[in-house]
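Visitor: Please take me on a close look at one part of this model: the place where the two chains meet. I am a first-year student, so short sentences would help.

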Amino acid sequence: MERLPILKIGSMLLVSIQVDLRDDMVIALQEDLADRIVETGARGVVIDITALDIVDSFTGRMLATVAALSRILDAETVVVGMRPAVAITLVELGLSLDGIKTALNVERGMRLLSLGGAAT
Amino acid sequence: MSAQELAIAGDADVVRVRQAVRAAAVSAKLSLVDQTKLVTAASELARNTLTYGGGGGAVVEEVFNGLRKGVKAIFHDKGPGIADLQLALTDGYTSGSGMGLGLGGARRLVDEFTIDTAPGDGTTVTVVKWAR
(Lines give C-alpha, C1' and ligand atoms only; values in the text may rest on other atoms or scores of the structure.)
Protein backbone atom coordinates (compact mmCIF):
# COMPACT_ATOMS: atom_id res chain seq x y z
CA MET A 1 0.00 0.00 0.00
CA GLU A 2 1.06 3.54 -0.74
CA ARG A 3 2.07 5.41 2.44
CA LEU A 4 2.36 9.14 2.90
CA PRO A 5 5.92 10.37 3.48
CA ILE A 6 6.63 11.99 6.86
CA LEU A 7 9.52 14.47 6.81
CA LYS A 8 11.49 15.48 9.91
CA ILE A 9 12.48 19.14 10.04
CA GLY A 10 14.30 20.07 13.24
CA SER A 11 12.02 19.01 16.07
CA MET A 12 8.97 18.89 13.80
CA LEU A 13 7.36 16.36 11.53
CA LEU A 14 5.80 17.50 8.26
CA VAL A 15 3.22 15.59 6.24
CA SER A 16 2.15 17.19 2.99
CA ILE A 17 -0.78 15.28 1.52
CA GLN A 18 -0.51 15.43 -2.26
CA VAL A 19 -2.67 12.50 -3.35
CA ASP A 20 -6.33 11.53 -3.30
CA LEU A 21 -6.65 9.93 0.13
CA ARG A 22 -7.87 6.39 0.43
CA ASP A 23 -9.24 5.36 3.81
CA ASP A 24 -6.52 2.75 4.31
CA MET A 25 -3.86 5.44 3.73
CA VAL A 26 -5.55 7.65 6.31
CA ILE A 27 -5.41 4.89 8.91
CA ALA A 28 -1.78 4.09 8.06
CA LEU A 29 -0.83 7.76 8.41
CA GLN A 30 -2.31 7.86 11.91
CA GLU A 31 -0.22 4.89 12.98
CA ASP A 32 2.95 6.05 11.20
CA LEU A 33 2.74 9.48 12.81
CA ALA A 34 2.39 8.03 16.31
CA ASP A 35 5.45 5.83 15.69
CA ARG A 36 7.50 8.68 14.25
CA ILE A 37 6.66 11.09 17.09
CA VAL A 38 7.98 8.58 19.62
CA GLU A 39 10.96 7.55 17.49
CA THR A 40 12.13 11.13 16.80
CA GLY A 41 10.93 12.85 19.97
CA ALA A 42 9.29 15.46 17.74
CA ARG A 43 7.52 18.30 19.55
CA GLY A 44 5.28 19.31 16.68
CA VAL A 45 3.43 17.90 13.67
CA VAL A 46 2.41 19.97 10.66
CA ILE A 47 -0.18 18.41 8.37
CA ASP A 48 -0.43 20.27 5.07
CA ILE A 49 -3.79 19.76 3.36
CA THR A 50 -3.38 22.47 0.71
CA ALA A 51 -3.80 19.91 -2.07
CA LEU A 52 -6.90 18.25 -0.60
CA ASP A 53 -10.05 19.25 -2.46
CA ILE A 54 -12.30 17.68 0.16
CA VAL A 55 -12.10 16.69 3.82
CA ASP A 56 -14.91 14.31 4.69
CA SER A 57 -15.84 12.95 8.12
CA PHE A 58 -13.30 10.12 7.83
CA THR A 59 -10.37 12.42 7.09
CA GLY A 60 -11.68 14.93 9.62
CA ARG A 61 -11.70 12.26 12.28
CA MET A 62 -8.11 11.32 11.39
CA LEU A 63 -7.01 14.94 11.87
CA ALA A 64 -8.74 15.04 15.27
CA THR A 65 -7.22 11.70 16.26
CA VAL A 66 -3.71 12.75 15.25
CA ALA A 67 -4.10 15.98 17.24
CA ALA A 68 -5.25 14.03 20.30
CA LEU A 69 -2.64 11.30 20.12
CA SER A 70 0.22 13.72 19.46
CA ARG A 71 -0.85 15.68 22.56
CA ILE A 72 -0.59 12.49 24.61
CA LEU A 73 2.86 11.90 23.11
CA ASP A 74 3.95 15.45 24.05
CA ALA A 75 3.73 16.99 20.59
CA GLU A 76 1.44 19.65 19.14
CA THR A 77 -0.37 19.27 15.79
CA VAL A 78 -1.19 22.08 13.38
CA VAL A 79 -3.31 21.55 10.26
CA VAL A 80 -2.38 24.02 7.54
CA GLY A 81 -3.60 25.07 4.11
CA MET A 82 -7.30 24.27 4.33
CA ARG A 83 -9.12 25.62 1.27
CA PRO A 84 -12.03 28.01 1.93
CA ALA A 85 -14.53 25.73 0.15
CA VAL A 86 -13.34 22.82 2.29
CA ALA A 87 -13.78 24.86 5.48
CA ILE A 88 -17.34 25.87 4.49
CA THR A 89 -18.23 22.26 3.69
CA LEU A 90 -16.74 20.91 6.92
CA VAL A 91 -18.81 23.26 9.04
CA GLU A 92 -21.99 22.36 7.15
CA LEU A 93 -21.16 18.68 7.46
CA GLY A 94 -21.07 19.18 11.22
CA LEU A 95 -17.34 18.80 11.81
CA SER A 96 -16.01 21.74 13.74
CA LEU A 97 -12.57 20.19 14.35
CA ASP A 98 -12.61 21.42 17.95
CA GLY A 99 -9.23 21.39 19.59
CA ILE A 100 -7.28 21.33 16.34
CA LYS A 101 -4.82 24.14 15.78
CA THR A 102 -4.86 25.52 12.25
CA ALA A 103 -2.72 27.92 10.25
CA LEU A 104 -2.96 29.37 6.77
CA ASN A 105 0.20 27.79 5.40
CA VAL A 106 3.18 25.61 6.31
CA GLU A 107 5.39 28.56 7.22
CA ARG A 108 2.87 30.00 9.67
CA GLY A 109 2.15 26.55 11.05
CA MET A 110 5.82 25.96 11.81
CA ARG A 111 6.13 29.39 13.38
CA LEU A 112 3.09 28.67 15.57
CA LEU A 113 4.70 25.45 16.77
CA SER A 114 8.07 26.97 17.55
CA LEU A 115 6.42 29.84 19.48
CA GLY A 116 4.33 27.37 21.45
CA GLY A 117 7.42 25.28 22.13
CA ALA A 118 9.32 28.28 23.49
CA ALA A 119 6.49 29.28 25.78
CA THR A 120 5.99 25.94 27.46
CA MET B 1 -22.59 13.41 -20.37
CA SER B 2 -24.26 10.03 -20.13
CA ALA B 3 -24.74 8.20 -16.86
CA GLN B 4 -21.63 6.61 -15.49
CA GLU B 5 -21.75 3.35 -13.54
CA LEU B 6 -19.09 2.67 -10.96
CA ALA B 7 -18.62 -0.31 -8.72
CA ILE B 8 -17.92 0.27 -5.03
CA ALA B 9 -15.99 -2.69 -3.67
CA GLY B 10 -12.95 -1.15 -1.99
CA ASP B 11 -11.25 2.02 -0.72
CA ALA B 12 -9.88 2.84 -4.19
CA ASP B 13 -13.43 2.79 -5.58
CA VAL B 14 -14.51 5.49 -3.11
CA VAL B 15 -11.73 7.68 -4.57
CA ARG B 16 -12.89 6.88 -8.12
CA VAL B 17 -16.49 7.80 -7.27
CA ARG B 18 -15.29 11.12 -5.82
CA GLN B 19 -13.34 11.82 -9.00
CA ALA B 20 -16.32 10.97 -11.26
CA VAL B 21 -18.65 13.20 -9.21
CA ARG B 22 -16.09 16.00 -9.29
CA ALA B 23 -15.80 15.74 -13.09
CA ALA B 24 -19.60 15.83 -13.48
CA ALA B 25 -19.87 18.81 -11.10
CA VAL B 26 -17.27 20.73 -13.10
CA SER B 27 -19.07 19.86 -16.33
CA ALA B 28 -22.41 21.05 -14.88
CA LYS B 29 -20.67 24.30 -13.90
CA LEU B 30 -21.35 24.05 -10.19
CA SER B 31 -19.52 26.67 -8.13
CA LEU B 32 -16.37 25.56 -6.35
CA VAL B 33 -18.14 25.48 -2.98
CA ASP B 34 -21.03 23.46 -4.43
CA GLN B 35 -18.59 21.08 -6.13
CA THR B 36 -16.83 20.59 -2.81
CA LYS B 37 -20.11 19.99 -0.96
CA LEU B 38 -21.33 17.46 -3.52
CA VAL B 39 -18.03 15.58 -3.68
CA THR B 40 -17.87 15.47 0.12
CA ALA B 41 -21.44 14.12 0.30
CA ALA B 42 -20.55 11.53 -2.38
CA SER B 43 -17.52 10.48 -0.37
CA GLU B 44 -19.65 9.91 2.74
CA LEU B 45 -22.30 7.98 0.82
CA ALA B 46 -19.82 5.85 -1.13
CA ARG B 47 -18.12 4.93 2.14
CA ASN B 48 -21.51 3.99 3.65
CA THR B 49 -22.19 1.77 0.64
CA LEU B 50 -18.88 0.05 1.23
CA THR B 51 -18.87 -0.13 5.04
CA TYR B 52 -22.50 -0.71 5.91
CA GLY B 53 -23.89 -2.04 2.62
CA GLY B 54 -21.00 -4.44 2.05
CA GLY B 55 -20.26 -2.85 -1.32
CA GLY B 56 -22.46 -1.92 -4.22
CA GLY B 57 -22.32 0.74 -6.88
CA ALA B 58 -22.82 4.35 -7.85
CA VAL B 59 -24.43 6.00 -10.87
CA VAL B 60 -23.32 9.53 -11.66
CA GLU B 61 -25.11 11.65 -14.27
CA GLU B 62 -25.77 15.19 -15.32
CA VAL B 63 -29.41 16.26 -15.01
CA PHE B 64 -31.39 19.18 -16.39
CA ASN B 65 -34.33 21.20 -15.13
CA GLY B 66 -35.12 23.66 -17.91
CA LEU B 67 -31.91 25.56 -18.41
CA ARG B 68 -30.61 24.58 -15.01
CA LYS B 69 -27.91 21.94 -14.83
CA GLY B 70 -27.17 19.68 -11.96
CA VAL B 71 -25.54 16.42 -10.97
CA LYS B 72 -27.37 13.37 -9.71
CA ALA B 73 -25.57 10.58 -7.89
CA ILE B 74 -27.19 7.31 -6.85
CA PHE B 75 -25.58 4.95 -4.32
CA HIS B 76 -26.99 1.47 -4.07
CA ASP B 77 -26.20 -1.66 -2.13
CA LYS B 78 -27.84 -4.96 -1.33
CA GLY B 79 -26.79 -4.87 2.31
CA PRO B 80 -28.86 -5.22 5.49
CA GLY B 81 -30.75 -1.96 4.92
CA ILE B 82 -31.55 0.59 7.59
CA ALA B 83 -34.17 -0.36 10.19
CA ASP B 84 -34.56 3.04 11.85
CA LEU B 85 -34.04 5.71 9.22
CA GLN B 86 -34.80 8.62 11.54
CA LEU B 87 -32.11 7.42 13.93
CA ALA B 88 -29.62 6.85 11.11
CA LEU B 89 -30.08 10.44 9.96
CA THR B 90 -29.44 11.83 13.45
CA ASP B 91 -26.09 13.56 13.91
CA GLY B 92 -23.83 11.63 16.22
CA TYR B 93 -25.61 8.32 15.77
CA THR B 94 -23.44 5.54 14.35
CA SER B 95 -23.90 1.82 14.14
CA GLY B 96 -20.25 1.41 13.19
CA SER B 97 -17.00 3.15 13.98
CA GLY B 98 -17.73 6.41 12.16
CA MET B 99 -18.53 9.81 13.60
CA GLY B 100 -22.21 9.51 12.81
CA LEU B 101 -22.11 12.47 10.46
CA GLY B 102 -22.19 10.60 7.16
CA LEU B 103 -25.87 10.34 6.32
CA GLY B 104 -27.19 13.46 8.06
CA GLY B 105 -24.16 15.47 6.96
CA ALA B 106 -24.49 14.34 3.36
CA ARG B 107 -28.16 15.38 3.37
CA ARG B 108 -27.22 18.90 4.46
CA LEU B 109 -24.65 19.23 1.69
CA VAL B 110 -26.99 18.57 -1.26
CA ASP B 111 -30.22 20.08 -2.65
CA GLU B 112 -32.21 16.88 -2.97
CA PHE B 113 -31.81 13.76 -0.87
CA THR B 114 -33.93 10.63 -1.07
CA ILE B 115 -33.33 7.33 0.60
CA ASP B 116 -34.99 4.05 -0.15
CA THR B 117 -34.29 1.28 2.31
CA ALA B 118 -35.87 -1.60 4.16
CA PRO B 119 -34.39 -4.11 6.59
CA GLY B 120 -32.84 -6.94 4.59
CA ASP B 121 -33.52 -5.18 1.33
CA GLY B 122 -30.50 -2.95 0.74
CA THR B 123 -30.24 0.81 0.59
CA THR B 124 -30.40 3.29 -2.27
CA VAL B 125 -29.55 6.94 -1.66
CA THR B 126 -30.09 9.51 -4.42
CA VAL B 127 -28.70 13.03 -4.19
CA VAL B 128 -28.89 16.00 -6.55
CA LYS B 129 -26.99 19.27 -6.47
CA TRP B 130 -28.06 22.06 -8.84
CA ALA B 131 -25.93 24.80 -10.33
CA ARG B 132 -27.02 28.23 -9.04
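Guide: Start with a term. A salt bridge is a side-chain nitrogen of Lys or Arg within 4 Å of a carboxyl oxygen of Asp or Glu. The model is predicted. With that rule, take a pair inside chain A as a warm-up. The side chains of A:Asp74 and A:Arg43 form a salt bridge, at 3.4 Å from N to O. A:Asp74 sits in the loop between H2 and strand E4 (76-80) of chain A, and A:Arg43 sits in the loop between H1 and strand E3 (44-48) of chain A, so this pair ties together parts that are 31 residues apart in sequence. A search over all chains finds 18 salt bridges in the whole structure.

Now turn to the interface. On one side, 20 residues of chain A are in contact with 23 residues of chain B. Between them, chain A and chain B bury about 2,000 Å². Of that area, 57% is on carbon and sulfur atoms. Three residues of chain A lose the most area to chain B: A:Ile54, A:Glu92 and A:Leu93. Together they make up 28% of what that side buries.

Charge plays a part in this picture too. Side chains of opposite charge can pair when their charged atoms come close. The rule finds five salt bridges across the interface of chain A and chain B. A:Glu92 appears again here, in a salt bridge with B:Lys37 at 3.1 Å from N to O. Polar contacts cross the interface as well: eleven residue pairs, with both residues at pLDDT 80 or more.

Which elements of chain A give two or more residues to the side that touches chain B? They are helix H1 (23-40), helix H2 (57-72) and helix H3 (84-93). H3(A) gives the largest share, six residues. By class, this side of chain A has nine nonpolar, three polar and eight charged residues.

Next, look for empty space. Rolling a probe the size of a water molecule over the atoms shows where empty space is left. The structure holds two cavities of 30 Å³ or more. The largest cavity has a volume of about 90 Å³. Its lining includes A:Asp20, A:Asp53, A:Ile54, B:Arg18 and B:Arg47. So both chains appear in that list, and A:Ile54 is back again. By class, the lining of the largest cavity has three nonpolar, one polar and six charged residues.

The second largest cavity has a volume of about 30 Å³. It is lined by A:Asp53, A:Arg83, A:Ala85, A:Val86, B:Arg22, B:Leu32 and B:Thr36. H3 of chain A and helix H2 (32-51) of chain B each supply at least two residues of this lining. Its residues divide into three nonpolar, one polar and three charged.

Key. Residues are numbered from 1 along each chain as its sequence is written. Chains are lettered from A and ligands numbered from 1 in the order in which they are written. This is a predicted model: local features need pLDDT of at least 70, side-chain atom pairs count only at pLDDT 80 or more; totals for chains, interfaces and linings use all residues. Side-chain values use heavy atoms; hydrogens and water are left out. Contact means heavy atoms within 4.5 Å. Buried area is the accessible area (1.4 Å probe) that two parts lose on being put together, summed over both. A polar contact is a pair of N or O atoms within 3.5 Å; within protein, one must be able to donate a hydrogen and the other to accept it, and residues adjacent in sequence count only if both atoms are side-chain atoms. Helices (H or I, at least four residues) and strands (E, at least two) are DSSP runs, numbered from the N terminus. Ala, Val, Leu, Ile, Met, Phe, Trp, Tyr, Cys and Pro count as nonpolar, Asp, Glu, Lys and Arg as charged, and the others, Gly among them, as polar. On a 1 Å grid over the protein atoms alone, a cavity is a set of points where a 1.4 Å probe fits but cannot get out, and a pocket is an open set with protein on both sides within 12 Å along at least five of seven lines; lining residues have an atom within 4 Å of a point. Grid points are joined across faces, edges and corners, and a volume is the space filled by probe spheres set on the points.
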